[in-house]
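Welcome, and please get your viewer ready. We will go from one selection to the next, and at each stop you will hear what is there.

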Amino acid sequence: MLTAIVGINWGDEGKGRMVDLLASDYDVVCRYQGGNNAGHTVINESGKFVLNLLPSGILRSEVVNIMGNGMVIDIEHLNKELTNLRKAGIKITPENLKISDKAIICLPYHVKQDILEEERLKDMKFGSTRRGIAPVYGDKYLKKGIRMGDLLNKKALKNRLDQVVTWKNLMIAGGYKSVEFNPNDMYDWLIKYSEELTDYICDVGVYLNDAVKSNKRIMFEAQLGALRDIDFGIYPYTSSSSTIAAYAPIGSGIPGKKLDNTIGIMKAYSSCVGEGPFTCEMSGDEAKALREAGGEYGAATGRPRRVGPFDIVASKYGVSVQGADELALTKMDVLSYLDKVPVVTAYDVNGTITKEFPMGEDLNNAKPIIEYLDGWKCDIGKCRKESDLPKEALDYVKFLEKQVGCHIKYVSVGAEREDYLVMNK
Ligand code: GDP
Ligand code: MG
């Protein structure tokens, strides 16, 4: 059974927490794209964990975790994450963590290039997380990447680095007039941070194909959401990777297998990090209240997130791009303070009212059409079944479900593992 858990919106929908909850039903959890540019927050009996690179299944000892070929891995950061988890008593061995030999390494010169470019852009900047993600994916497709598997042969690694770093300096020193990187320093960095990792690097496809054959339950965990997908998101304000479910088997290492099920994680309101059109955006005190209620500050960067009401146009598009079979609606409890709950039900694009998500200039020009639903004005954090929900809250869920055209199976009403309810079909 192959299941993908993916974001319907701009990311930060609460995927980490849903994966942590659902991981008990799975034998294997795979990350298939992205790097340490986003963060999952998981709170359980062992404490609070922010995971940037490791799959969320790492917090359950019986789950095997895969870091797939579609990922870009900053190995210094990975070392830090592993150290933090081990300090908290989490056991990590080559039995429960396997890293693809085909995953690409994010090096210090990628981070530097990211920073240099954001500085060059000044006011026109993209709001990059400055963790080297776009430069390292660029290098992957330029075929100048260093893969995790390259760490296993030091002589070949050194030769490859000499070539690649010389090439990279054409841009860093030649183009940006910054300080050259020394291939020997990069070699030392790679050796230092790979020492703890070499036992984990393997052809994860061999393991995954066997796992499929023996009917293991495999979950694919996405980072970010549909609207940040490199192809189908709000380009160029996207991530540099494929965040969609269809890419999960490819980015994990089993391109020949098909998904059985896709669960979309959709937040009860909207939030977005970085620049670009965000049609539903709230401003002033209204935004401040929602940001505070939802704790909308970046897990990886601490940056305040942009916020807005639930956006039906964008979410319907997200559901379609992800091919979601069912949805989890997260952070419903956050809206409990509102007398009237705003929802963006359509866009006005140059005088035309539409529910189809526009792209390019049409999206830049789109204005939100807002409707208001009744608020429930009470704490719903203790609700554990559909009938516990106040009528207004249930109406809200049913309204969103109808509008986006996909069953909302789970509603989460708090950050902790058990704070959720399963809806009737
Ligand atoms: P991800 O990137 O999709 O995994 O989401 P993030 O971890 O960046 O953001 C989700 C945040 O909301 C985390 O701090 C979670 O602990 C928290 N969270 C998740 N679900 C709920 C919920 O139902 N209610 C509340 N109040 N917080 C939640
Ligand atoms: Mg996040």
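Which domains give residues to the shell around ligand 1? Keep in mind that you are looking at a predicted model. Now colour domain 1 (2–100 + 203–263) and domain 3 (267–422). Both give residues to that shell, so ligand 1 lies between them.

**Stop 1: the ligand and its shell**

Select ligand 1 and show the residues around it: there are 17 of them. The closest are K15, G16, H40, D333 and S412, so labelled sticks for these five are a good start. Colour the shell by residue class and you will find 3 nonpolar, 7 polar and 7 charged residues.

**Stop 2: polar contacts**

Zoom in on the oxygen atoms of ligand 1. Begin with S412, where an N or O atom of the side chain is 2.4 Å from a ligand oxygen. Next, pick K331: here the distance from a side-chain N or O atom to an oxygen of ligand 1 is 2.9 Å. Then go to G16, and look at the backbone this time, as one of its polar atoms is 2.8 Å from an oxygen of the ligand.

How much of ligand 1 does the protein cover? On its own, the ligand has 580 Å² of accessible area, and the protein covers 89% of that.

**Stop 3: the pocket and its elements**

Switch on a surface for the protein. The space that ligand 1 takes up is the second largest pocket. Now go to cartoon view and select α1 (15–22) and β3 (40–44), the elements that give two or more residues to the shell around ligand 1. Of the elements, α1 gives the most, with 3 residues.

**Stop 4: two backbone details**

Leave the ligand and select the loop between β10 (218–225) and α8 (248–252), where P236 has its place. Show the backbone of Y235 and P236: the peptide bond that joins them is cis, with omega at about 5°.

For the last selection, take the loop between α3 (108–121) and α4 (133–141), and find R130 there. Which sign does phi have at R130? Phi is positive, about 60°, although R130 is not a glycine.

Terms used. Residues are numbered from 1 along each chain as its sequence is written. Chains are lettered from A and ligands numbered from 1 in the order in which they are written. This is a predicted model: local features need pLDDT of at least 70, side-chain atom pairs count only at pLDDT 80 or more; totals for chains, interfaces and linings use all residues. Side-chain values use heavy atoms; hydrogens and water are left out. A residue is near a molecule or strand if one of its heavy atoms lies within 4 Å of it. A polar contact is a pair of N or O atoms within 3.5 Å; within protein, one must be able to donate a hydrogen and the other to accept it, and residues adjacent in sequence count only if both atoms are side-chain atoms. Accessible areas come from the Shrake-Rupley method with a 1.4 Å probe; for residues, only the protein chains shown count as cover. On a 1 Å grid over the protein atoms alone, a cavity is a set of points where a 1.4 Å probe fits but cannot get out, and a pocket is an open set with protein on both sides within 12 Å along at least five of seven lines; lining residues have an atom within 4 Å of a point. A molecule sits in a cavity or pocket if more than half of its atoms lie within 2 Å of its grid points. Helices (H or I, at least four residues) and strands (E, at least two) are DSSP runs, numbered from the N terminus. Ala, Val, Leu, Ile, Met, Phe, Trp, Tyr, Cys and Pro count as nonpolar, Asp, Glu, Lys and Arg as charged, and the others, Gly among them, as polar. Domain bounds come from an automatic or database domain assignment.
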